[in-house]
Amino acid sequence: MNSNILGVINLIHEADEMETLTASRCLATVPFGARYRLIDFMLSSMVNSGISKVAVFAQTKYRSLIDHLGSGKHWDLHHRQSGLFILPPVTDDVNEIRRGDLYHFYQHRDYFTRSSQEYVLITRSHMICNIDFEELLVSHKASGANITVICKKQNDLLGGKARKVQVDEKGRITSMQDHYGRLNTDLISMEMYLMKKELLLEIVDSSLAQGQDHLVRHAIMSRLDRLHIQSYVYEGYLGVVNTLTSYYQNSMQLLRPEVWKSLFFEPGPIYTKVKDEPPARYAEGAKTSNSLVANGCIIEGTVINSILFRGVHVRKGAVVRNSIIMQNGIVGENSIVDHVILDKDVTVERSRELRGAEVSPFLATKRKVI
């Protein structure tokens, strides 16, 4: 077990262009892949890598986060001395909450000083991957770097947004820019940073003293010439999910068997909150092809190239095509939905027709009746 790394999933000021999908929930708890939430991938990767102490830095709209994570037992993180910690802001002052993430790290510095781990791994929740962090630690020690940043060579982000990275011949990062920069490179940052705990605390104190309060934009990007910041190139599947288009397109990628197998089973399984549901039920005459259908669904109509979460009911004569129907959705008799995202508990009444496009899917808000 790799107990020398303290995991931090940083939800402070995450990039978020998910429209109404994040109106009442944080980006980390957006449903994904028929039964999962975005944060499940990072939590599972940490657990599978032997990281037994994980802090989630929450900021706003974290009620669904607390409901989903609970005590952490579904990820085997419900230990007495270590386990899962959800750390919300320690102030109600809106101006303080709006400050950068370094201020949040400072507010919870006692959490770090009381932890026995030597290293800290800081990640985000919107990078969908299945990664072995033990190999990262080995690479970090071998390179002698102060900070190691996980990167990925990827030209097409399917509508997602990520920072661009440039490295020298030895993999040392020489330049890093936000997604709108003109840096000519196909290497992107996966927003995962490994460093010693003492270095993190030093960076927090010195940056705040200089009036800087953002970990990456201020503390790391301004120190590229002073610290040895090394890249570690990840080879597995990556989905950057922080826009509505990227959410839809990365969800559709799951319908490719090789993507599903790589993302959910290699190098370890992805865990989520367990809910007991009966198997999906298919009525006589129902048709389904190339789709993910979760437990508890009732299919009486036709489902093609779609993702159905738990408890969805597709009634007789209805056609669901190229769409994502979240938990407890109902598609009424003889209705047609195509390139559509229905949030939880949405009802499409009988004989309705909803159509979107691949780059601009139609999105129905939670509990809406159409």
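Okay, quick one: when I say two residues are in contact, I mean heavy atoms within 4.5 Å. Keep in mind this is a predicted model.

With that in hand, let's start at L65. Setting aside neighbours within four places in sequence, L65 is in contact with L11, C26, A28, T29, I39, V56, A58 and I86. And where does L65 sit in the bigger picture? L65 is among the residues with the most contacts inside the largest nonpolar core. The others on that list are I9, L43, F133 and I150, and the core itself has 38 residues. Which elements give two or more residues to this core? That would be β1 (5-10), α1, β4 (53-57), α2 (63-69), β6 (119-123), α6 (133-143) and β11 (187-196). The top contributor is α1, with five residues. There's also another core, lying apart from that one, with 34 residues, including L102, V165, M176 and M195. As a general point, nonpolar side chains in soluble globular proteins tend to be buried together.

So, α1. This helix covers residues 39-48, and nine of its 10 residues are buried, so the rest of the structure largely encloses it. The buried ones are I39, D40, F41, M42, L43, S44, S45, M46 and V47. After the helix comes G50, with a positive phi, near 90 degrees.

Now, that buried list isn't just greasy side chains, so let me pick out S44, which lies in α1. Is S44 buried or exposed? Its relative accessibility is 0%, and the cut-off for buried is under 20%, so S44 counts as buried. What does the side chain of S44 reach? It gets to the backbone nitrogen of Y271, at 2.8 Å. Again leaving out neighbours within four places in sequence, the residues S44 is in contact with are W75, P269, I270 and Y271.

Last stop, a sheet. Five strands make up an open sheet, ordered β15-β18-β21-β24-β27, and the pairing is parallel. At the edges you've got β15 (287-289) and β27 (353-355), each pairing on one side only. On average, neighbouring strands here are turned by 5 degrees against each other, ignoring direction. If you want to zoom in on one pair, take β15 and β18, the latter being residues 302-304: they pair in the parallel sense over three bridges. One bridge to click on is K287, whose partner in β18 is T302.

That's my tour.

Notes: Residues numbered from 1 in each chain as written. Predicted model: local features only at pLDDT ≥ 70, side-chain atom pairs only at ≥ 80, totals over all residues. Heavy atoms only, no water. Buried < 20%, exposed > 50% of the residue type's maximum accessible area, 1.4 Å probe, protein only. Helix = DSSP H or I, 4+ residues; strand = E, 2+ residues; numbered from the N terminus. Core = buried A, V, L, I, M, F, W, Y, C linked by side-chain atoms within 4.5 Å. Polar contact = N/O pair within 3.5 Å; in protein donor to acceptor, adjacent residues only side chain to side chain. Pairing = 2+ DSSP bridges. Axes fitted to C-alpha atoms, helices over the stretch in contact; angles between N-to-C directions.
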